[in-house]
Amino acid sequence: TAASVRRVCCIGAGYVGGPTSAVMALKCPGIQFTVVDSDAGRIAAWNSAAALPIYEPGLDEVVRSQRGRNLWFSTDIDAAVAAADIVLLAVNTPLGPRGAGLGGATDLSAIEQCARTVARVARRPTIVVEKSTVPCGTGELIAGILRRDGRPGVGFSVLSNPEFLSEGTAVRDLLRPDRVIIGGLDGSEDAQRALASVYAHWVPQERIVTMGLWSAELAKLAANALLAQRVSSINSISAVCEAVGADIADVSRACGMDSRIGGRFLHASVGFGGSCFHKDIMGLVWLAESLGLHDVAEYWDQVLQMNSSQTARFVARIARAVGCDLDAGAEVAVLGFAYKAGTGDTRNTPAAPVCERLLAQGARLAIYDPKVPARQIRDALPAESHYHHRVRICSDAYEAVAGARAVVLLTPWPEFATLDWARVHGLMAQPAYVFDGHRALDAPALDRLGFRAVSVGVRTTHHPKLK
Ligand code: UDX
Ligand code: ADP
């Protein structure tokens, strides 16, 4: 029952598990939260006085205020699970070996391992909650493992409580979620009430919604698929804008003012990235395929294809403008490598294929991102050593642009909009191009400074070969 939740264990101290547990601990002073992970280095980092293993605005403060009170980070998984009333599963669920293209499936080995751990060590009724994004049906898989391997007489409930936080705003999203979804199989109503009682410490009742397990699992995939689809839809229109001389910013605004459509998530870009959109759409495609719903699978696969072609089209524009100079090893300054601002995460970042294509065309790259470590950028680039000789990782934007023929903005970090662009112009080789992959810069102002500014979703007339 609600009153009996005293201890929560979260397995997985990553982007989901860390911030989620920290905010829960902040809001539920009467409950003890232990975050466990098999990665000892990660746990040490969560316990350190220096940098936490992930960067999220506001997270440091929350962790500092709760750590050692009701928030603990540990590698002793068994002990924490055995003591818990609720076990949150927030381990990573990467795409499996068949991960690419149509039919990609998720690797559930970490989830299965966690379920077996719970089955092995739990001695009293335990609520097991899927937090990581998982394919539909994972809840039943977990329930099956608990039934088969659990100690006789120990009752388990399996809930799906998908996390909808966005990276870069994780703390804010967790403090004020649009909704909390708690899915369960028939007979798990008590468990659903117990988990709801945790959220009730800070989330208004009407935002906590219970439903079936399958519905909750599918809701997570559907929500991300719909968001990604909006981006692909507006990006497809941006291609038309570039061809006919319309401006995607105006088209987006006009569409977004329709209250049925709404203005958010209609920003044309070089493409979406992140760990969730690709994986969830692939999960949806895979599910549809496995159900024999081929049209449905193909429909959602198009969202990913549009995303790849948007990125490819962006590079093609750069190549058309800078052209033969790229072959000659012209330097291109890449500003931003994270898949979006506010995070150091580079999973599925469009910056990786953009850089790879530019390198393949012969360019040299000078890359700067305010939050992504140099090592991580190198790891995301193709392994060929002759590429690595052509890549400089820089520690500020001015260093990156020095001598460059083109600046390519791939992450809309606010600091890029406020650069001293006159100084940038003076540092660059002429004619100096700026390619804005996010409409983050004031292109007319850049033109006035002498740049040839090229933005996603606007026709450009600076160059005869460049539409
Ligand atoms: C997303 C969902 O928003 C979140 O609810 C879910 O839990 C995880 O996946 P996240 O991946 O952190 O969150 O980032 P989000 O802000 O959704 O952006 C995803 C990508 O879409 C970014 O690469 C961003 O640049 C791109 N995007 C977003 C656009 O290109 N245009 C837009 O209008 C919005
Ligand atoms: P997410 O974005 O889903 O939070 P992360 O990769 O950031 O994914 O975090 C997942 C965490 O789960 C990692 O720190 C990883 O070490 C941990 N993990 C994965 N498998 C297990 C496991 N079987 N037991 C404990 N921790 C695990």
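In which loop does Phe164 lie? Phe164 lies in the loop between strand S6 (156-160) and helix H7 (170-175), where helices (H or I, at least four residues) and strands (E, at least two) are DSSP runs numbered from the N terminus.

This is a predicted model, in which local features need pLDDT of at least 70 and side-chain atom pairs count only at pLDDT 80 or more, while totals for chains, interfaces and linings use all residues. Residues are numbered from 1 along each chain as its sequence is written, and chains are lettered from A and ligands numbered from 1 in the order in which they are written.

Phe164 also appears in a record: UniProt, in an unreviewed entry, places the feature "binding site" at a set of residues including Phe164, Leu165, Ser166, Glu167, Lys220 and Lys340. Such positions are given in the numbering used here, with shortened feature names, and the annotations may be inferred rather than shown by experiment. The annotated residues are spread over 177 residues of sequence and are also spread in space, up to 23.4 Å between C-alpha atoms.

Around ligand 2 there are 20 residues, of which Gly12, Gly14, Tyr15, Val16 and Ala110 come nearest; a residue is counted as near if its C-beta atom, placed from the backbone, lies within 6 Å of the molecule. Helix H5 (residues 109-121) gives the largest share of this shell, three residues. By class, the shell has nine nonpolar, eight polar and three charged residues, where Ala, Val, Leu, Ile, Met, Phe, Trp, Tyr, Cys and Pro count as nonpolar, Asp, Glu, Lys and Arg as charged, and the others, Gly among them, as polar.

Two packed helices are described by the angle between their axes and the distance between the axes. The axes are lines fitted to C-alpha atoms over the stretch in contact, and angles run from 0 to 180 degrees between N-to-C directions.

| Helix pair | Axes come within | Crossing angle |
|---|---|---|
| H1 (residues 17-27) and H3 (residues 59-66) | 9 Å | roughly 55 degrees |
| H9 (residues 213-244) and H10 (residues 248-256) | 9 Å | roughly 135 degrees |

The angle of roughly 55 degrees makes H1 oblique to H3, since angles under 35 degrees count as roughly parallel, over 145 as roughly antiparallel, 65 to 115 as roughly perpendicular and the rest as oblique. The contact includes Pro19 and Ala22 of H1 and Leu59 and Val62 of H3, with residues counted as in contact if their C-beta atoms, placed from the backbone, lie within 7 Å. This contact has eight nonpolar, two polar and no charged residues.

H9 and H10 are likewise oblique to each other. Ile234, Ile237, Ser238 and Cys241 in H9 meet Ile248, Val251 and Ser252 in H10, and these residues divide into five nonpolar, two polar and no charged.

Technical notes:
Contact = placed C-beta atoms within 7 Å.
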